[in-house]
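Visitor: I would like a close look at the charged side chains of this protein and at the pairs they form. Please take one pair as a starting point and work outward from there.

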Amino acid sequence: MIVHSSLTLPKKLFRPAIREMQRKYFPNRHPAFDGRKNLYSSGELPFGTQIRDTVSVSDPERNQPKEFDVTIKFANHVDMSLVSQYFSQRIDFPQEACQVLDIVLRNPAAMSFTPVGRSFFTPPRNQIISLGNGLELWYGFYQSSNLGWRPFLNVDVAHKGFPEPKPLLDVMLDMMKKHKSFRDPDPDYNMLRNAGISGLALEDFKKFIRGLKVDYMIPNQPNTRKVYKMNDIRASAIQHRFQLDDGRHITVGEYFERIKNYRLQFPKLPCIHVGSTSRDICLPPELCTVVRGQVVNKKLDETQTAAMVKAAARPADERKRRILQHMMEAGFNRDPCVNEFGISVNDKFEKIKARVLEAPNLEYRERKVKASQGVWRAAQFVSSNQLNTWVVMSLAQRTNQNDLVNFAKTMSSQGRNLGMSISEPCKYVLLHEEARLGRFPTGQVIKQSILPYFKEFKENGVQLVVVVIPDRPPDCYSRVKLAAEVDVGLLTQCIKERTFGRMNPATAGNILLKVNAKLNGVNHTIDRSFCPHLMDSPTMLVGADVTHPSPDQTTIPSVAAVAASHDRRAFQYNMIWKLQPPRMEIIEKLQEIMVDQLKFFYRFTKQKPNKIIFYRDGVSDGHFSQVLDSELSAIRAACRSLQADGSYKPSVTFLVVQKRHHTRFFPTRKEDEDGRNKNVPPGTIVDTVITHPREMDFYLVSHASLQGTSRPTKYHKLWDDSEISEDDLEELTYYLCHLFSRCTRSVSYPAPTYYAHLAAARGRVYLEGQQVNLTNLEQEMRIRTIKDSIKLQSPMFFV
């Protein structure tokens with residue numbers, strides 16, 4: 001029996017305070033502390049039901065001790081035998097007992113690593129990897145206890161960006177480099193001293209510093225050192241005035257020169273507002289350095305994400321070695337707390353049996369191809385529409401007429417190879433030459449410039465506009481899509497300037513995979529002889545996803561999206577997206593969405609689906625029952641509403657698709673290693689031992705990882721009244737990973753789920769850089785309504 005005690009203590013310095021209480025009152029006992037307010041001990045602690053004391057704890061930020069009032073009070077007993085009963089007697093999931101197990105096993109790492117959620121990190125020891133724009137990479141490990149067919153400890157490598165411990169002046173230079181033109185010299189201290197920081201660089205600097213701590217000190221005056229939390233920026237040191245205790249008003253620059261005997265070197269830079277928001281404490285940035293080891297939960301930008309992926313993507317054998325290294329560092333079996341609870345952890349990987357599913361044959365117009373190691377070569381499309389009237393438009397300054405003409409020739413040549421007839425474009429547009437946009441046009445300026453062209457193209461019956469997108473401004477893509485799909489109703493295919501600059505037949509072929517799907521063509525299908533029998537009757541495949549704003553984006557709503565198939569071969573999909581309140585997990589208007597999707601299916605197939613197979617992405621284990629109760633009811637209600645007597649009741653299979661987990665598979669035999677990254681082969685499936693002991697779930701590696709270690713996708717069946725066998729459902733799921741229109745590779749999760757993700761991303765594109773009224777999301781949706789000519793005539797516009 002485990003004793004649970006609750007604590008009352010200040011928010012800062014939790015663990016040092018508990019360590020001090022342990023030293024004074026129970027030095028020979030080793031309870032587990034969750035870092036917040038719960039303390040678990042193996043048996044009673046030697047002070048009865050409550051103890052209260054004042055302890056002194058060292059505060060490293062102040063270089064002096066601080067006294068805190070701490071109370072430990074008995075809360076309840078926790079029966080740990082429920083864990084074994086869960087396996088032997090099929091009782092309900094023992095939530096609190098599992099929580100105790102998790103907290104005890106987190107104790108070793110919590111004492112010496114920086115905890116972030118379920119992961120633990122340490123500062124870089126040797127080579128420091130900068131992620132760019134103020135962040136550096138920290139390595140660490142993730143751990144979580146879970147119950148499969150028996151208790152397991154899940155350990156994996158983890159990576160996170162932490163603010164670099166550098167002077168604020170250097171952070172300013174980082175932001176200026178981020179927004180400089182390729183023609184401009186790199187910014188330096190002289191530029192910062194003379195011209196200061198402004199525009200987008202200043203906005204990014206403000207976002208970066210908000211909430212971070214800085215170490216402030218005047219050079220050669222160590223007694224002035226102090227740590228402050230940053231709030232915002234203020235006017236420059238020569239402009240910002242404040243009142244002294246004697247009533248005089250003085251600028252920040254004058255204060256430091258007259259009273260602190262320090263003349264500022266960068267007086268034109270904005271001051272940093274620090275400390276309490278109710279007080280006017282402003283510091284010159286040249287005296288501030290970002291404190292190391294601060295946990296931030298802000299979304300990485302494109303540069304940081306690319307650097308993170310490059311650093312984190314490691315072959316499977318290397319990842320395996322690092323996991324074992326972290327296990328040794330954590331030292332579970334050496335930890336007195338873990339030992340006191342009678343727990344031991346196996347220091348070896350669990351070996352489990354897996355199967356490798358056979359890849360399907362893929363059907364093209366005149367021949368069938370077989371996927372090999374998750375990849376195949378495209379043949380002529382099953383069906384395609386002629387591209388007779390199209391335009392190539394460049395928004396990039398560095399492209400010229402010859403570039404556009406050569407691109408069109410490459411597209412036409414590749415079109416012939418893929419069985420798609422492509423005429424010469426009816427027009428080439430170099431927007432920078434025709435509209436005189438200037439050197440640094442904003443996204444809004446670009447949108448206003450292209451709108452007249454788009455309207456003209458629409459009137460002239462243009463089928464497609466290929467748009468070359470520059471790297472800047474960052475919202476250029478979103479403005480193009482808003483203008484095309486919301487304002488005009490014109491089909492577009494955007495290509496990044498960098499991609500356009502290295503155009504070749506293979507790249508053009510990949511672009512045509514998207515273009516053909518957008519023009520209602522069918523690239524390929526699963527060979528009929530491989531098609532699962534459950535698809536013999538009309539079946540609608542549905543993918544659903546809800547994407548949430550990052551924790552620092554407090555004024556942005558969540559986006560729900562549902563993509564559904566509308567053809568018998570499950571290649572063509574359409575999408576519906578909706579805004580909903582931030583962080584809402586349930587798809588709020590699923591009934592309304594499903595009514596529209598069912599009508600769309602009927603419009604194209606002249607049949608109602610007998611089965612609905614619903615792949616729901618973005619749901620954590622804790623929300624399973626809530627999502628199932630709400631969303632299955634919404635699907636049922638949508639079906640009933642389509643028949644007057646409410647008798648339309650197709651069977652529903654409801655699966656949750658999970659990518660955000662830390663389970664990884666490593667081959668045990670050399671002959672099973674796939675490719676240079678030594679992963680398990682595509683089609684690897686695990687549905688025993690580490691899965692749920694009673695419910696149906698499975699892990700599937702459906703793709704060949706291009707870099708790093710393959711992440712299996714986990715599927716959990718929450719509902720099925722179709723009586724689909726486990727094998728059939730696993731096979732269907734794997735086959736659907738081969739039907740994603742944008743590539744000739746098996747992807748990491750099924751096409752309907754991938755399309756739902758793209759649909760939600762498109763909804764977020766429509767919001768980029770704009771103010772959203774969270775109290776009237778209906779109106780926000782109305783002003784972003786996609787034109788019917790896009791939704792109905794080109795339903796796969798979003799791929």
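At what relative accessibility does Asp34 stand, and does Asp34 count as buried or exposed?

Guide: The model is a predicted one, and every value that follows was computed from its atoms. Asp34 has a relative accessibility of 12% and counts as buried, because the limit for that class is under 20%. Its partner is Arg36, and the two side chains meet in a salt bridge with an N to O distance of 3.8 Å. Arg36, by contrast, is exposed, with a relative accessible area of 55%, so this pair joins a buried acid to an exposed base.

That pair belongs to a count of 49 salt bridges, and a few others can be followed through strand β20, which covers residues 368-370. The side chains of Glu358 and Lys370 form a salt bridge at 2.9 Å, N to O. Glu358 sits in the loop between β18 (355-356) and β19 (361-363), whereas Lys370 belongs to strand β20, so the pair ties together parts that are twelve residues apart in sequence. Lys370 itself is partly exposed, with a relative accessible area of 38%. Strand β20 also holds Lys368, whose side chain meets that of Asp527 in a salt bridge of 3.3 Å, N to O. Asp527 lies in the loop between β25 (525-526) and β26 (539-547), and this pair therefore ties together parts that are 159 residues apart in sequence. Asp527 is buried, with a relative accessible area of 4%. Elsewhere, salt bridges with shared partners link Glu302, Asp471, Lys496 and Arg498 into one network.

The charged pairs also bear on how the domains meet. The protein is divided into domain 1 (168-290), domain 2 (384-519) and domain 3 (531-662 + 714-790). Domain 2 and domain 3 have C-alpha centres 29 Å apart, and their contact draws on 19 residues from domain 2 and 18 residues from domain 3. Between them they bury about 1400 Å², with 59% of that area on carbon and sulfur atoms. On the domain 2 side, Glu485, Val486 and Leu513 supply 36% of the area buried against domain 3, more than any other three residues. Glu485 thus contributes to that area and also forms a salt bridge with Arg762, in which the closest N and O atoms are 2.8 Å apart. The count of salt bridges between domain 2 and domain 3 is one, while the count of residue pairs in polar contact there, both at pLDDT 80 or more, is six. Two helices, α14 (476-488) and α16 (505-518), each supply at least two residues of the side of domain 2 that touches domain 3, and α14 gives the most, with nine residues. By character, the residues of that side divide into nine nonpolar, three polar and seven charged.

For a case outside the charged pairs, one may turn to Thr663, which is found in the loop between β30 (651-658) and β31 (684-686). Thr663 is buried, at a relative accessible area of 14%, and its side chain is joined to that of Tyr699 by a polar contact of 3.5 Å. Leaving aside residues up to four places away in sequence, Thr663 touches Asn154, Ile690, Tyr699 and Pro712.

Definitions and conventions: Residues are numbered from 1 along each chain as its sequence is written. This is a predicted model: local features need pLDDT of at least 70, side-chain atom pairs count only at pLDDT 80 or more; totals for chains, interfaces and linings use all residues. Side-chain values use heavy atoms; hydrogens and water are left out. Domain bounds come from an automatic or database domain assignment. Contact means heavy atoms within 4.5 Å. Buried area is the accessible area (1.4 Å probe) that two parts lose on being put together, summed over both. A salt bridge is a side-chain nitrogen of Lys or Arg within 4 Å of a carboxyl oxygen of Asp or Glu. A polar contact is a pair of N or O atoms within 3.5 Å; within protein, one must be able to donate a hydrogen and the other to accept it, and residues adjacent in sequence count only if both atoms are side-chain atoms. Helices (H or I, at least four residues) and strands (E, at least two) are DSSP runs, numbered from the N terminus. Ala, Val, Leu, Ile, Met, Phe, Trp, Tyr, Cys and Pro count as nonpolar, Asp, Glu, Lys and Arg as charged, and the others, Gly among them, as polar. Buried means under 20% relative accessible area, exposed over 50%, partly exposed in between (1.4 Å probe, protein chains only).
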